[in-house]
Amino acid sequence: MNENAQELWLQSAQNLQQSMTESLSKAFASFQNMDLGDASSKLLSPAVQAPKIQFSTEKLQALQQQFLAEAAELWANSAQGKLQLNDRRFADAAWTANPTAAFNAATYLLNARTLTQMAEAVETDAKTRARIRFAVEQIAAASAPSNFMALNADAQKKAIDTQGQSIAKGIQNLLHDLQQGHVSMTDESLFEVGKNVATTEGAVVFENDYFQLIEYKPLTDKVYEKPFLLFPPSINKFYILDLQPDNSLIRYAVAQGHRTFVVSWCNPDVSMAKASWDDYIENAVIKAIRVTQDITGAKTINTLGFCVGGTMMGSALAVLAARGEKPVASATFLTSMLDFADTGVLDVFIDEAFVKYREQEMGKGGLMKGKDLAMTFSFLRPNDLVWNYVVGNYLKGETPPPFDLLYWNSDSTNLPGPFYAWYLRNTYLENKLIKPGQATVCGEKIDLNQVNLPMYIYGSREDHIVPIGGSYASTQVFPGKKRFVMGASGHIAGVINPPAAKKRSHWTREDGQFPKTPDAWIAGAKEAPGSWWTDWSDWLKGHAGKLVVAPKTYGKGTKYKAIEPAPGRYVKAKAKA
């Protein structure tokens with residue numbers, strides 16, 4: 001490094017503390033604007049106000065020295081044409097072939113990495129540090145040179161190679177996405193619910209304002225006497241469990257001989273704007289259990305809840321237990337939380353001020369728009385679920401490839417405001433469900449300790465929505481016989497992992513021990529290749545009773561006759577506000 005260059009880098013290092021501190025303050029201020037409801041500043045608690053950024057002298061000096069060393073190395077490698085861009089955003093050869101673009105990318109990566117380290121070094125409480133870290137991640141992701149046509153060497157090369165056609169297509173893609181109200185993650189024109197997703201054969205046999213109940217046509221001559229009822233998350237549409245025949249958990253259950261029913265939630269509009277958590281538990285979850293019993297004549301049934309569907313199912317089971325009823329023989333919880341002590345990155349949004357704002361805004365009526373919820377979840381992984389598509393769709397003019405899971409992900413649903421506000425306060429903020437007698441649901445002071453039945457509890461190791469600690473915590477809540485299984489991958493890919501795909505792994509533990517932490521459980525667990533579905537299927541058969549002749553018709557008599565073919569019209573309703 002020559003003297004002029006060294007002097008430049010030394011000057012940069014001397015200004016590092018001031019510039020990074022200012023950046024952190026700005027990033028934290030921007031976090032307030034991301035507060036999901038645009039709460040006014042007077043509603044923000046002291047914990048959410050932009051803090052005074054402070055560092056220990058030792059940590060700051062170490063970061064300065066590291067920055068200076070890495071900057072010197074970057075300069076030297078740039079001069080020699082040896083810059084290494086170890087980031088998939090800059091993986092295309094166009095970046096390294098253009099010295100200026102390569103230098104910009106390398107400098108960005110150094111600055112982003114240093115800013116992240118600065119966020120970790122802030123001397124403050126854990127929650128404030130997590131908020132700063134989240135805000136810094138958003139700022140860093142948004143400011144990447146790959147996101148700008150003037151700096152993206154790959155997009156520029158494509159524009160030249162296509163004689164400007166990629167730019168024209170990118171503008172078309174942008175206009176299309178502005179019209180539809182969300183960034184396209186897949187070619188949505190290639191999918192249609194009921195045609196090439198949600199195609200397992202069945203019929204709607206009951207409906208009310210909250211849900212349709214679908215019964216599926218048996219694929220075996222005999223079925224287990226205890227029917228199987230699934231509760232998908234009400235925050236999404238049910239066909240995540242029935243995407244394609246090869247990856248449908250619903251079809252898999254039917255093929256295993258289970259007489260299978262699923263709840264298809266209503267996509268709320270203004271007519272549902274005052275629906276509460278109690279309304280959903282009584283008129284949907286408990287009602288679906290009773291209807292399934294009535295149709296099949298079964299004294300008890302087996303149930304499954306996925307994500308929020310599991311939280312709702314657990315609440316309903318506690319209500320039924322308080323009433324002295326036990327209609328469920330076994331319950332499966334997939335990436336579900338009943339204990340909200342470990343909520344992962346979502347915790348950065350939750351405090352008294354935020355929850356109070358939502359209560360004031362929609363606690364007595366209103367809708368939480370599905371597109372807003374979907375965007376929030378996407379920004380939990382901004383590079384993968386936001387900027388990746390901005391670059392591909394708009395800068396490069398590409399059409400994203402067909403992907404059933406991402407089509408489902410874009411098919412958003414609303415939530416009734418009172419339902420949503422109750423959920424925020426009683427779970428994420430106050431964690432009342434696990435405190436006996438603290439939460440009142442459907443007029444009952446619930447106690448999950450009274451829900452004593454066999455349970456299969458599944459968690460995904462890399463889940464960013466329901467952390468593995470959140471899934472595992474249910475083993476400490478329920479008193480009955482339990483089996484916990486951990487799968488690889490994330491919230492959706494870990495669950496939707498059919499055996500035939502021969503992908504990923506799962507972990508089990510056969511000693512029946514459930515130590516307090518997931519790490520302690522993992523230490524005694526054994527890894528097995530492939531899907532957890534087969535392990536779950538073997539477990540469920542043990543609670544399904546004897547085999548009986550499969551029904552030839554849907555529903556039961558004239559009371560529960562087939563209303564329309566599956567998947568029904570509720571799932572096809574687009575989110576409106």
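# Notebook: helix packing, buried residues and odd backbone angles

**Entry 1, H3 and H5.** I began with helix H3 (residues 57–79) and H5, which pack at an angle of about 170 degrees with their axes 11 Å apart. Angles over 145 degrees count as roughly antiparallel, so I wrote H3 and H5 down as roughly antiparallel to each other. I then listed the residues that make the contact. H3 brings Lys59, Leu60, Leu63, Gln66, Phe67, Glu70, Ala71, Leu74, Trp75 and Ser78. From H5 come Phe103, Ala106, Thr107, Leu110, Asn111, Arg113, Thr114, Gln117, Met118 and Ala121. I noted for myself that the model is predicted.

**Entry 2, H5 by itself.** I looked up the span of H5 (residues 99–121), which has 23 residues. From its first C-alpha to its last, H5 reaches 33 Å, close to the 33 Å expected at 1.5 Å a residue. What does a side-chain oxygen of Asn98 reach at the start of H5? I found that this oxygen comes to within 3.1 Å of the backbone nitrogen of Thr100.

**Entry 3, H6 and H14.** Next I took helix H6 (residues 126–142) and helix H14 (residues 382–395), whose axes come within 10 Å and cross at roughly 30 degrees. That makes H6 roughly parallel to H14, because angles under 35 degrees count as roughly parallel. I recorded the crossing of H6 and H14 as right-handed. On the H6 side I found Glu137, Gln138, Ala141 and Ala142, which meet Pro382, Asn383 and Trp387 in H14.

**Entry 4, H10 and H11.** I wanted another pair of helices to set beside these. I looked up the axes of helix H10 (residues 277–296) and helix H11 (residues 308–322), which come within 9 Å and cross at roughly 80 degrees. H10 and H11 are therefore roughly perpendicular to each other. The contact involves Trp277, Tyr280, Ile281, Val285, Ile286, Ile289 and Arg290 of H10. Their partners in H11 are Thr311, Met312, Met313, Ser315, Ala316, Val319 and Leu320.

**Entry 5, H7 and its ends.** Which residues of helix H7 (residues 153–161) are buried? I noted Ala153, Asp154, Ala155 and Ala159 as buried in H7. The buried residues of H7 pack against helix H4 (93–97), H5, helix H8 (165–180) and H14. H5 and H14 had already turned up in my earlier entries. At the N-terminal end, Asn152 caps H7, with a side-chain oxygen 3.0 Å from the backbone nitrogen of Asp154. Just after H7, I found that Gln163 takes a positive phi of about 55 degrees.

**Entry 6, more backbone angles.** Most residues other than glycine have a negative phi, and most peptide bonds are trans. I therefore kept a list of residues that depart from this pattern. Phi of Thr335 is near 35 degrees, a positive value. I placed Thr335 in the loop between strand E7 (328–334) and helix H12 (352–362). Is Thr335 buried or exposed? Its relative accessible area is 0%, so I marked Thr335 as buried. Ser489 is not a glycine either, and has a positive phi of about 75 degrees. I found Ser489 in the loop between strand E13 (482–487) and strand E14 (505–508). I also noted a cis peptide bond joining Ala566 and Pro567, with omega about 10 degrees. Pro567 is in the segment after strand E17 (564–565).

**Entry 7, three buried residues.** I looked up Leu230 in strand E4 (residues 228–231). Its relative accessibility is 1%, so Leu230 counts as buried. Leaving aside neighbours within four places in sequence, Leu230 is in contact with Leu241, Ile250, Thr260, Phe261, Val262, Val263 and Leu304. I also checked Leu230 against Glu361, which is 131 residues apart from Leu230 in sequence and 32 Å apart in space, C-alpha to C-alpha.

I then turned to Asn426 in helix H16 (residues 417–429). Asn426 is buried, with a relative accessible area of 8%. Not counting neighbours within four places in sequence, Asn426 is in contact with Asn431, Lys432 and Leu433.

My last look-up was Ser537 in helix H19 (residues 533–541). Ser537 is buried too, at a relative accessible area of 3%. What does the side chain of Ser537 make a polar contact with? I found the side chain of Gln256, at 3.2 Å. Apart from residues up to four places away in sequence, Ser537 touches Tyr252 and Gln256.

Definitions and conventions:
Residues are numbered from 1 along each chain as its sequence is written. This is a predicted model: local features need pLDDT of at least 70, side-chain atom pairs count only at pLDDT 80 or more; totals for chains, interfaces and linings use all residues. Side-chain values use heavy atoms; hydrogens and water are left out. Buried means under 20% relative accessible area, exposed over 50%, partly exposed in between (1.4 Å probe, protein chains only). Contact means heavy atoms within 4.5 Å. The expected span of a helix is 1.5 Å times one less than its number of residues. A polar contact is a pair of N or O atoms within 3.5 Å; within protein, one must be able to donate a hydrogen and the other to accept it, and residues adjacent in sequence count only if both atoms are side-chain atoms. Axes are lines fitted to C-alpha atoms, for helices over the stretch in contact, and angles run from 0 to 180 degrees between N-to-C directions. Angles under 35 degrees count as roughly parallel, over 145 as roughly antiparallel, 65 to 115 as roughly perpendicular and the rest as oblique. A crossing is left-handed if the near helix is turned anticlockwise from the far one by less than a right angle, and right-handed if clockwise.
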